[in-house]
Amino acid sequence: MIVLVFQGEAVEIVSHERIDLADEFLECVGELCYLGDMLCVGGGAGAVTFDTDSRLPTEDSVDTLDGCISSPSGASQESDEEGDVAEKVGNSIFYVDDQPECPSEENRGNLNMLSAAYESLDYETCINSVLVDEERTRGYPFMVKKDVARWLVVLVTGVLTAIVACLIDMTIETLSGFKYTWLKEYTDKAVETGTLIIPFLLWGALNIGPTLIAAFLGSYVEPVAAGSGIPQVKCYLNGVKVPRVVRIKTLLSKTVGVTMSVLGGLAVGKEGPMIHSGAVIAAGVSQGKTTSFKKDFGFFEYFREDHEKRDFVSAGAAAGVAAAFGAPVGGVLFSLEEGASFWNQALTWRVFFAAMMSTFTLNLVLSAYNGVPGMLAYNGLLNFGKFDDLTYEIWEFLPYLVMGIIGGLLGALYNHINHRLTAFRMKYINRPWQKILEAAVVAFVTACVAFLMMYCLDDCREINPDIATYPIQMFCEPGKESAAASIWFQTPEKSVRSFFHDPPGAFEWSTVCVFFVCYFLLACWTYGLGIPSGLFIPTLLCGAAWGRLTGMLIKLMFPGQTWVSEGKYALVGAGAMLGGVVRMTLSLTVILMECVGNITFGLPLMIVLMVAKWVGDYFNEGLYDIHIQMAGVPIMGWDPPALSSTIYASEAMNRPVVTLRCMEKVGRIVNILKTYTYNGFPVVDSIPEGGDVSYFKSFGTLRGVILRSQLTVLLKHKVFNENTELWQDSKVDIHLFRQSYPRYYTLDQVDLTPEDLEMTVDLRPFHNPSPYSIMACTPLPRIFNIFRALGLRHLVVVNDNNEVVGMVTRKDLVKYRMWKHKGRMGLEELVIYNNVM
């Protein structure tokens, strides 16, 4: 129900949720629609207020405010509890978020916060006059050259990613061999002499030493290198500018740090960080320069824009997956499902090519390193080994479904515990030295748990030369080894392979149960430390442990059955656990299929992963998404929030809008850049003058949009109308803007004289003359789909006369989010802080 108020009197009630008389209105801003200066919809004297549940007029139907009420959706309500500040704009009331600097200590770590510190990337190609001039002058040969260069970049990316993976793997294998050989020697001697305290302290020292190096790199040198890097890469591909995420310094810290983390004996893996490493390599190769070392090699300059760089990062992420798991198809699907938010057919071929070259190069190098050159038996860093008989019976789908449910429940528990730990870290462990100390404590506790398992569990088995790498006798009889020690005295990847392929009866029930509980808790504690670390391997190892227990239980229930295989159920449990934590389905199914080399087992894996995801989603989100939300990153999902059609552009947009004229004075541009932090400004033909800008109903007729980065380049090179003799001969073209990418100039780097401030700039050759725009009555789902599909950073809101009335950015859309928990859902508006951490 809407009341039309004419000169203060209610004259008509229209039975529509939104007025549909566009031809009769000259102006519509916010919740206020004008017919001349006399008509108000939903506001003014005698206007009707709304009940947000029934959408009918309430008893308190008279609103004496000289303006419009807030939206029936409740998106912008005047509430002191939320800390909103009501601002009167013309005859409308706009609600401006009172954005504090950071959340209070008790609220830090919540999932309903956004950080205003994250900016968006400019994925939209600015087709202005200088870009069109380049295409005219260079023609089709230049386009062919660019296409060939794209294939060359992805080729080099795949090869370099594989080489980095090989270096990490060979370093870990060599150094861990020294570590466990040394520990075995001291442990065997200590058992004979009764001085087990010596190998215990030595084990703790060998864990703490490498961990301190990894923690130093992830806390002091490059904090963005901490963790697996997958959430950061996912945000970058979604269009969020994560500071320093694709720098060469980040790559060095990542590779050295993850090597030290694995050597430190922590519950981490090296496979996840390879995805981040591949993304950094792709970003660096495609730009033909390094900003960290201030070296420009002078090639691939035409790829120096966010749109091109994004596509190469997608290929790099896929190459990282291919190198880690030997799964090129899985790498492509991972980049599509979890990484890239923007996709096309040509990109699919290039991403697949990069993944294939990464797999082939790693296979070639590792085969030669392991003494079998040309055999190509090492597809990836993670080798599940060959399953001799990976078949299944139709009745096995029932235990597979149960295992999927268990994987979803354990994954939800894992994510809940890690969420609470991360929130605790954000509140109390936020200084670099505290992060280093915590990492050292975790490394020492890991050594304690492993040593206590070896000491307390009496699980002896015959030494099998085929599977025993560093057999520890402990208190077993001669010719036997400790099964608990065999799990710990090797890298986590080899422990996963042990649960898959060790013969039946290799482990006692107590050993596997205790190991699962201890390693589960250690993995929860370890992920989120200030060290480069992966999530895949510890999660797979936890799943393989309880999956092996499931296989042992089924074998006990059905003795003598040939279809019962402990290793097969360990594989299913590993997939269920990983799916329950990260909530991936399609890509993870293909990755596991390629790892085991058996396509016939794809259906059970797919069913288990889907069930684990559905069960886990009932309680919380995937771990990567949880960490993204806790960091306050404004990432956009695939779909707009459900039931958000009642929110309109007039409610989501920002106003007043800072606009620039086509011919603008330098002094005004400098003043605007100093006063506002906006990164995009609409260009209009004329700006309304007189009175407070907050009361303007519009801000000029839209002619285009120009970015802050473009303005600073123009100011730096003094591209002014009055001194054309200084820059005309140097030819102002697209090269001028690519030269400073990605670290554009700041105002501190611009040297302007008082005379320069009086000059003018012609913005028409440089602004985007055809920006995307929407009407003020556009519903949120449509705005979201336009913004998401086109990769926009700014969306201009205009009225019927194409006059600017507002601007919509990423945070204006992301702050409306759908929450789900235990079968319930709802629409919430997030709180935006200047800084979340």
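Colleague: Between which strand and which helix is the place of Ile127 in the loop?

Modeller: Between strand 9 (119-120) and helix 1 (129-193). Bear in mind that this is a predicted model.

Colleague: And how do I read its surroundings? Which residues is Ile127 in contact with, leaving aside neighbours within four places in sequence?

Modeller: Start with the contact list, then look at the numbering. For Ile127 the list holds Val132, Asn768 and Pro769. Then take a C-alpha distance: Ile127 and His767 are 640 residues apart along the chain, yet their C-alpha atoms are separated by 8.4 Å.

Colleague: What share of the chain's contacts links residues 24 or more positions apart?

Modeller: Among contacts with a separation of 6 or more, 74%. You can set that beside burial: of the 837 residues of the protein chain, 56% count as buried. As for the surface, the chain exposes about 35,300 Å², with carbon and sulfur atoms supplying 59% of it.

Colleague: Where does pLDDT stay under 50?

Modeller: Look at the average, then at the stretches. The mean pLDDT of the protein chain is 82, and 86% of the residues reach 70 or more. Residues 1-98, though, stay under 50, and the model has 192 contacts beyond four places in sequence for them.

Colleague: On to secondary structure. How many helices and strands are there?

Modeller: The protein chain comes to 26 helices and 25 strands.

Colleague: Let's try a sheet. What is the strand order in the open sheet of three strands?

Modeller: Read across the sheet rather than along the chain. Here the order is 20-21-22, and the pairing is mixed. Strand 20 (773-775) and strand 22 (804-809) each have a single partner strand, so they stand at the edges, and one side of each is left without a neighbour in the sheet. For the twist, neighbouring strands are turned by 35° against each other on average, direction ignored.

Colleague: How many bridges join strand 21 to strand 22?

Modeller: Five, and the two run antiparallel, with strand 21 covering residues 794-798. To find the register, pick one bridge: His794 has Thr809 of strand 22 as its partner.

Colleague: Now a hairpin. Which residue in the turn between strand 23 and strand 24 has a positive phi?

Modeller: Lys822, with a phi of about 50°. Two residues lie between the strands of this hairpin. As for the pairing, strand 23 (residues 816-821) and strand 24 (residues 824-829) run antiparallel and are joined by six bridges. You can read the register from Arg817, whose bridge partner in strand 24 is Glu828.

Methods
Residues are numbered from 1 along each chain as its sequence is written. This is a predicted model: local features need pLDDT of at least 70, side-chain atom pairs count only at pLDDT 80 or more; totals for chains, interfaces and linings use all residues. Side-chain values use heavy atoms; hydrogens and water are left out. Two strands pair if DSSP finds at least two bridges between them. Helices (H or I, at least four residues) and strands (E, at least two) are DSSP runs, numbered from the N terminus. Axes are lines fitted to C-alpha atoms, for helices over the stretch in contact, and angles run from 0 to 180 degrees between N-to-C directions. Buried means under 20% relative accessible area, exposed over 50%, partly exposed in between (1.4 Å probe, protein chains only). Contact means heavy atoms within 4.5 Å. Accessible areas come from the Shrake-Rupley method with a 1.4 Å probe; for residues, only the protein chains shown count as cover. pLDDT is the predictor's confidence in each residue, from 0 to 100.
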